[in-house]
Amino acid sequence: MEKFLQKKALMEKICAFLNEKYGPGTVELTLKDSYFNMREKILPHIHIVEKAKAAMEALGIAPRISPIRGGTDGARLSFMGLPCPNLFTGGQNFHSRFEYIPVEDMEKCTQLLIHLLTTC
Amino acid sequence: METVQDRFLRYVRFDTQSDENSDTCPSTPGQRTFGEALVDEMKAMGITDAHMDENGYIYGTVPGDPKLPTIGLIAHMDTSPDASGKDVQAKTVPYDGTDILLNEEKDIWLRSSDYPSLKENAGKHLIVTDGTTLLGADDKAGIAEIMTAAQSLMTTRMAHATLKIGFTPDEEIGRGADLFDVEKFAADYAYTVDGGPIGELEYENFNAASAKVDISGINIHPGAAKDKMVNSLLLAMEFQSLLPLHQRPESTEGYEGFFHLTDMEAP
C-alpha cells in the first residue's frame with residue numbers, strides 16, 4: 001500500500017512541477033482508484049486458502065501460490081464482504097488465438113471443486 | 001453424466017465477447033443468451049432456484065448439510081474483447097510434445113518455441129482453436145468445471161456443504177463484481193474459478209489506480225511561435241519521461257509495481 005501511495009504522490013509531484021514550469025493549469029491530473037489488494041480481506045480467513053492448498057495436495061496437484069499482477073473480480077468481492085480467492089481453471093494463453101486447455105487439467109479442477117465441497 | 005470436456009465444448013460455441021463501449025449490463029446480448037442456456041441446464045439437473053436476475057447475473061443453490069459452511073463458486077460468462085470469440089472452432093488433440101498445426105489452410109501453428117510451458121503438457125489432450133479466435137477457456141472452463149462439480153454433488157450420496165453458484169457478466173471489462181448481490185448470494189466464503197495453469201491459487205493482487213493527464217497547450221504558427229507556443233505533445237512526453245524508467249510492466253515482476261502508459265491522444 002505504501003508503494004502504491006508513493007506512486008500516486010509522484011504523479012502529483014510531476015504535475016505540480018510542470019505547472020510551475022509552464023504556468024498554472026497547463027497540466028491537470030485525475031487519479032482514480034481502480035481496485036485494492038484483497039490480501040488484507042483474506043488474511044482473517046486464511047483457512048480458506050489453506051483448505052484449497054490442502055485439497056490440491058490431496059489430489060496430487062502442486063499448488064502454485066503467487067500474487068496476481070493485476071485485478072480480479074474476487075478482489076472486489078472480498079472488499080464487498082465475500083472473501084474470495086481464485087483457483088486455476090487449467091487454461092493457458094488467455095485472451096489469445098493461441099489459448100488452449102488440457103482436458104486432464106479441467107478434470108482435476110472439477111475434482112478439486114468436489115473435494116472442497118465434500119471435505120469441510 | 002456429461003463430461004466437463006463435452007460441456008466446455010458446448011459452451012465455447014456461444015459468442016459472449018464483452019464490449020467496454022456498451023453501457024448496458026450485460027454489455028452484449030450473447031451473454032444473456034448463454035446465461036439463459038445455463039439456467040435451463042441448472043434447472044434440468046435439479047437446481048430449482050436457478051435464475052438470471054435483471055442484470056444478467058446467474059444464481060443457483062445445491063443444498064447441502066446446513067451444519068457445514070456455505071461455499072460459493074463463481075465464474076464469468078463473457079470472453080475478452082482482445083480477440084474474437086465468434087464461431088470458435090475448438091478441437092481436442094492428443095499432445096505428444098511437438099508443435100500443433102492449428103490451421104492448415106492458414107498455416108497457423110501453436111509452437112513450444114513461442115510458448116515454452118506447452119511442453120509441460122506432453123501426454124495430455126489439449127483443446128485448441130483454429131488459430132483465428134480465442135478459445136474462451138477464460139472463463140467458460142470455470143463454468144464447465146463448476147457445472148460438472150454441481151451435477152456430481154446433486155447425484156452423490158456423500159455429505160457435502162451447500163454450494164452457491166454465481167455466474168457473472170462482463171468480468172473482462174472490469175464490471176463483473178459491480179452488480180453482484182453478495183447479500184443474496186449468502187455464502188460464508190467463495191472461490192472464483194478463473195485462474196490459469198493447474199495448481200494456481202491466488203489471494204493477493206495489485207493495488208491499482210487510473211491516472212488521466214490532460215495537457216492544455218497553446219498552438220500558433222511555428223514561424224511566430226517564439227515565447228508563445230506550448231506544445232502539449234512535448235509536455236506529455238516530458239511527463240512520461242519523469243516517471244521511473246525501471247517501473248514499467250516490461251521491467252518488473254513478482255511484487256514490483258509499475259506505471260503503464262496505455263493511451264495517448266492529441267485533441
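Q: How many helices and how many strands does chain A have in this predicted model?
A: In this predicted model, chain A is built from both kinds of element, helices as well as strands. Read from the N terminus on, the elements of chain A run α-β-α-α-β-α-β-β-α. The count for chain A is therefore five helices and four strands.

Q: What is the radius of gyration of chain A, and what does the globule rule give?
A: The C-alpha atoms of chain A fill a box of roughly 65 × 40 × 20 Å along the principal axes. For 120 residues the globule rule gives 14 Å, and the value for chain A is well over that, so chain A is more spread out than a compact globule. The radius of gyration of chain A is 21 Å, against a rule value of 14 Å.

Q: What share of the residues in chain A is buried?
A: A residue counts as buried if 20 or more other C-beta atoms lie within 10 Å of its own. Applied to the 120 residues of chain A, this gives a buried share of 45%.

Q: How far does helix α1 of chain A reach from its first C-alpha to its last?
A: Helix α1 of chain A covers residues 2–22, which is 21 residues, and its reach is close to the 30 Å expected at 1.5 Å a residue. After α1(A) comes G23(A), whose phi is positive, near 110°. The reach of helix α1 of chain A is 30 Å.

Q: Is H95(A) buried, partly exposed or exposed?
A: H95(A) is found in the loop between β3 (86–88) and β4 (101–102) of chain A, and its phi is near 70°, a positive value in a residue other than glycine. Because H95(A) has 14 C-beta neighbours inside 10 Å, the class it receives is partly exposed.

Q: How many helices and how many strands does chain B have?
A: Chain B also holds both helices and strands, and its C-alpha trace spans about 85 × 50 × 35 Å along the principal axes. The count for chain B is five helices and 11 strands.

Q: What is the radius of gyration of chain B?
A: For the 267 residues of chain B the globule rule gives 18 Å, and the value for the chain is well over this, so chain B is more spread out than a compact globule. The radius of gyration of chain B is 24 Å.

Q: Which word, parallel or oblique, describes how α1(B) and α3(B) lie to each other?
A: Two packed helices are described by the angle between their axes and the distance between the axes. The axes of α1(B) and α3(B) come within 9 Å and cross at roughly 135°, and the crossing is right-handed. Residues that meet include V4(B) and F8(B) in α1(B), with A141(B) and M147(B) among their partners in α3(B). The two helices α1(B) and α3(B) are therefore oblique.

Q: Which residue does a cis peptide bond join to C25(B)?
A: The bond that follows C25(B) has an omega of about 0° and is cis. Its partner lies in the loop between α1 (4–11) and α2 (29–44) of chain B. The residue joined to C25(B) is P26(B).

Q: Is D107(B) buried or exposed?
A: D107(B) lies in the loop between β5 (100–103) and β6 (108–110) of chain B, and its phi is near 55°, a positive value in a residue other than glycine. Because D107(B) has 9 other C-beta atoms within 10 Å, D107(B) is exposed.

Note on methods. Residues numbered from 1 in each chain as written. Chains lettered and ligands numbered in written order. Predicted model: local features only at pLDDT ≥ 70, side-chain atom pairs only at ≥ 80, totals over all residues. Buried ≥ 20, exposed ≤ 12 C-beta atoms within 10 Å, placed from the backbone. Expected span 1.5 Å × (residues − 1). Rg over C-alpha atoms; globule rule 2.2 N^0.38 Å. Axes fitted to C-alpha atoms, helices over the stretch in contact; angles between N-to-C directions. Parallel < 35°, antiparallel > 145°, perpendicular 65-115°, else oblique. Left-handed = near helix turned anticlockwise from the far one by under 90°. Contact = placed C-beta atoms within 7 Å.
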